[in-house]
Amino acid sequence: MKIMISASEAIEKGVWSEILRLFGRDKDEEIWPQEEFILTEEQALKLNLIKK
């Protein structure tokens, strides 16, 4: 299963810094609020975005 999360949702849920780390992004680079990131089920579980 793949889980999509937008930048604004990640910020709202408090996982933004982890998303940046997972995708190798820089905190200073410009990112659109609606930019989406695709997580694996395992990644989403580790970030507590879903429950098994």
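# Core, ring pairs and salt bridges

Q: In this predicted model, which residues of the largest nonpolar core touch the most other members?
A: I5, W16, I19, F37 and L39 do, in a core of 13 residues. β1 (2-6), α1 (7-13), α2 and β2 each contribute at least two residues to this core. The greatest share comes from α2, with three residues.

Q: Why is F37 called buried?
A: F37 has a relative accessible area of 3%. Buried requires a value under 20%, so F37 meets the term. W16 is buried as well.

Q: What is F37 in contact with, leaving aside its neighbours within four places in sequence?
A: The contacts of F37 are I3, M4, I5, A7, W16, I19, F23, R25 and I31.

Q: How many aromatic pairs does a search of the whole structure find?
A: The search finds two. One of them is the edge-to-face pair of W16 and F37, with 5.8 Å centre to centre and 70° between the planes. This pair links distant parts of the chain, W16 being in helix α2 and F37 in strand β2, 21 residues apart.

Q: Why is the pair of W16 and F37 called edge-to-face?
A: Centres must lie within 6.5 Å for a pair, and planes over 60 degrees apart count as edge-to-face. The values for W16 and F37 are 5.8 Å and 70°, so both conditions are met.

Q: What makes the pair of F23 and F37 tilted?
A: The centres of F23 and F37 are 5.1 Å apart and their planes stand at 50°. An angle that is neither under 30 nor over 60 degrees counts as tilted, so 50° takes that label. F23 in helix α2 and F37 in strand β2 are 14 residues apart. Ring pairs link W16, F23 and F37 into a cluster.

Q: Why does F23 count as partly exposed?
A: The relative accessible area of F23 is 32%. Buried needs under 20% and exposed over 50%, so F23 falls in between.

Q: How do you know that E29 and R25 form a salt bridge?
A: The N to O distance between their side chains is 2.9 Å. The cut-off is 4 Å, so the pair of E29 and R25 qualifies. E29 is partly exposed at 33%, and R25 is partly exposed at 25%.

Q: What joins E35 to R25?
A: A salt bridge does, with N to O at 2.9 Å. E35 and R25 both lie in the loop between α2 (16-23) and β2 (36-40), so the bridge ties together parts that are ten residues apart in sequence. E35 has a relative accessibility of 22% and counts as partly exposed.

Q: Why do K46 and E42 count as a salt bridge?
A: The closest N and O atoms of K46 and E42 are 3.5 Å apart, and the cut-off is 4 Å, so they count. K46 and E42 are four residues apart in helix α3 (residues 41-46), about one helical turn. K46 and E42 are both exposed. R25, E29 and E35 are joined into one network by salt bridges that share partners. The count of salt bridges is three.

Q: Why is M4 called partly exposed?
A: M4, in strand β1, has a relative accessible area of 48%. Exposed needs over 50%, so M4 stays in the partly exposed class.

Q: What makes N48 exposed?
A: The relative accessibility of N48 is 68%, which is over 50%, so N48 is exposed. N48 lies in the segment after α3 and has a positive phi of about 60° although it is not a glycine.

Methods:
Residues numbered from 1 in each chain as written. Predicted model: local features only at pLDDT ≥ 70, side-chain atom pairs only at ≥ 80, totals over all residues. Heavy atoms only, no water. Buried < 20%, exposed > 50% of the residue type's maximum accessible area, 1.4 Å probe, protein only. Core = buried A, V, L, I, M, F, W, Y, C linked by side-chain atoms within 4.5 Å. Contact = heavy atoms within 4.5 Å. Phe/Tyr/Trp six-rings, centres within 6.5 Å; stacked < 30°, edge-to-face > 60°.
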